[in-house]
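Reader: Please take one part of this structure and go through it closely. After that, place it among the other parts, residue by residue where that helps.

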Amino acid sequence: MRPRNRSVAARIARQALGAASLTLTFGLAACSGGAVPAADSKTLSAADVDPAAAAALPERYKSAGVIKVASDIPYPPMEMFDENQKLTGLDYDLAQALGAKLGVRLELQTQAFDSIIPSLQSGKNDIIMSGMNDTAERQATLNFVDYFHAGFSILVPKGNPDRITTVMDLCGRNVAVQKATVQAEILRSYDQQCKDKGSEPVRVSELPLETDVQTAVRSGKAAADVVDSAAAAYAAKTAGNGKIFDIVKDPANPAGYNPVYTGIGVLKKDAELGKALLAALQAIVADGSYGTILEKYDLSDYRVKETGLNLGTAKP
């Protein structure tokens, strides 16, 4: 998560308004909604193709030369724009690397998170890369090619005025989360523990975008934002040059609360596509480019120790 010179929350909120109707493209693709240049786009090269991954890819994607990727843009550091308004981020870079191994483009298309799974079911998109957590509920519809493992963190105003030290300090407070994410469910799972200590449950407010959530915290409408650790760390470091937010450091949960896997979502009926993506992921792990991409965004602590499908419900 690289430092920025201005408030991330304000900047990406403006970008979201300007880019909401645009189709964001990967590589050389251009779509009817309008193309946003990618920060590191390059021409596909036969030399980059992994034979095993490419052979596993279903023919219809080979013929099309493209896999359409649903992504809720922006969501730093997973998907974001750089200072030149070019698309970048962990998911974008991984998509580029995976596409090179498969010999096709992975084309990022902006899609609201609460409609991201329906966009696959309707045929609008083929896969999801949007910092989506691999959960048992989502596995009823999707297979996940897992590439990231992290928990959730508590983001508070700079100086932590409410002296929040653990998740239990959120009991009885207004807390904002992004709509359709699992954070709301996790916070509500603490209801009984809050009652047991004589407090009201956490008052959870679900807002459309992570930028809306951060705005709620900055304005005092919410005491905290509970969000993926990667996004929390990025916001704390970059918003207002690090002067707007703090992350609550809970010694008992150094990697964040409820660590979960994040993966590429693929419909169950497209299992062969999922296997091809897994082969491509294994290829970028083997050649070191996976580690290099994580290092670029200061996210090496969240690399997966093993690659696989549906690790979110795998037994230890």
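Author: In this predicted model, the buried residues of helix H10 are Ser229, Ala230, Ala231, Ala232, Ala233, Tyr234, Ala235, Ala236 and Thr238. Because nine of the ten residues of H10 (residues 229-238) are buried, the helix is largely enclosed by the rest of the structure. H10 is followed by Gly240, a residue with a positive phi, near 55°.

Just before H10 in the sequence comes strand E9, which spans residues 224-228. Strand E7 (residues 174-178) pairs with E9 in the parallel sense, over two bridges. Within that pairing, Ala176 has Asp225 in E9 as its bridge partner. E7 also pairs with strand E8 (residues 203-207), again in the parallel sense, here over five bridges. Gln178 is bridged to Leu207 of E8. E7 itself is mostly covered, with four of its five residues buried.

A second set of strands involves E1 (residues 66-71), which is also mostly covered: five of its six residues are buried. E1 pairs in the parallel sense with strand E4 (residues 105-110) over six bridges, and Ile67 stands opposite Leu106 of E4. Strand E5 (residues 127-128) is another parallel partner of E1, joined to it by two bridges. There, Val69 has Ile127 as its bridge partner.

Two loop residues deserve a closer look. Gln111 lies in the loop that leads from E4 to helix H5 (116-121). With a relative accessible area of 9%, Gln111 falls under the 20% cut-off and therefore counts as buried. Its side chain makes a polar contact with the side chain of Lys124, at 3.0 Å. Leaving out residues up to four places away in sequence, Gln111 touches Ala70, Ser71, Asp72, Ile116, Ser119, Lys124 and Asn125.

Met132 sits in the loop between E5 and helix H6 (136-139). At a relative accessible area of 1%, Met132 is under the 20% cut-off as well, so it is buried. With the same exclusion of residues up to four places away, Met132 touches Phe113, Ile116, Ile117, Arg138, Leu142, Phe144, Tyr261, Thr262 and Gly263. Ile116 thus appears among the contacts of both loop residues, Gln111 and Met132. Met132 and Asp72 are 60 residues apart in sequence, while their C-alpha atoms are 9.7 Å apart in space. Asp72 is also one of the residues that Gln111 touches.

A pair of helices can be set beside this. Helix H4 (residues 90-102) packs against helix H11 (residues 271-286) at an angle of about 105°, the axes being 9 Å apart. An angle from 65 to 115 degrees counts as roughly perpendicular, so H4 is roughly perpendicular to H11. On the H4 side, the contact is made by Leu94, Ala97, Leu98, Lys101 and Leu102; on the H11 side, by Ala276, Leu277, Ala280, Leu281, Ala283 and Ile284. By class, the residues of this contact are ten nonpolar, no polar and one charged. Residues three or four places apart in an α-helix point the same way, because there are 3.6 residues a turn.

Finally, the chain as a whole. It holds twelve helices and twelve strands. Of its 316 residues, 56% count as buried. Among contacts with a separation of 6 or more, 78% are between residues 24 or more positions apart.

Notes: Residues are numbered from 1 along each chain as its sequence is written. This is a predicted model: local features need pLDDT of at least 70, side-chain atom pairs count only at pLDDT 80 or more; totals for chains, interfaces and linings use all residues. Side-chain values use heavy atoms; hydrogens and water are left out. Buried means under 20% relative accessible area, exposed over 50%, partly exposed in between (1.4 Å probe, protein chains only). Two strands pair if DSSP finds at least two bridges between them. A polar contact is a pair of N or O atoms within 3.5 Å; within protein, one must be able to donate a hydrogen and the other to accept it, and residues adjacent in sequence count only if both atoms are side-chain atoms. Contact means heavy atoms within 4.5 Å. Axes are lines fitted to C-alpha atoms, for helices over the stretch in contact, and angles run from 0 to 180 degrees between N-to-C directions. Angles under 35 degrees count as roughly parallel, over 145 as roughly antiparallel, 65 to 115 as roughly perpendicular and the rest as oblique. Ala, Val, Leu, Ile, Met, Phe, Trp, Tyr, Cys and Pro count as nonpolar, Asp, Glu, Lys and Arg as charged, and the others, Gly among them, as polar.
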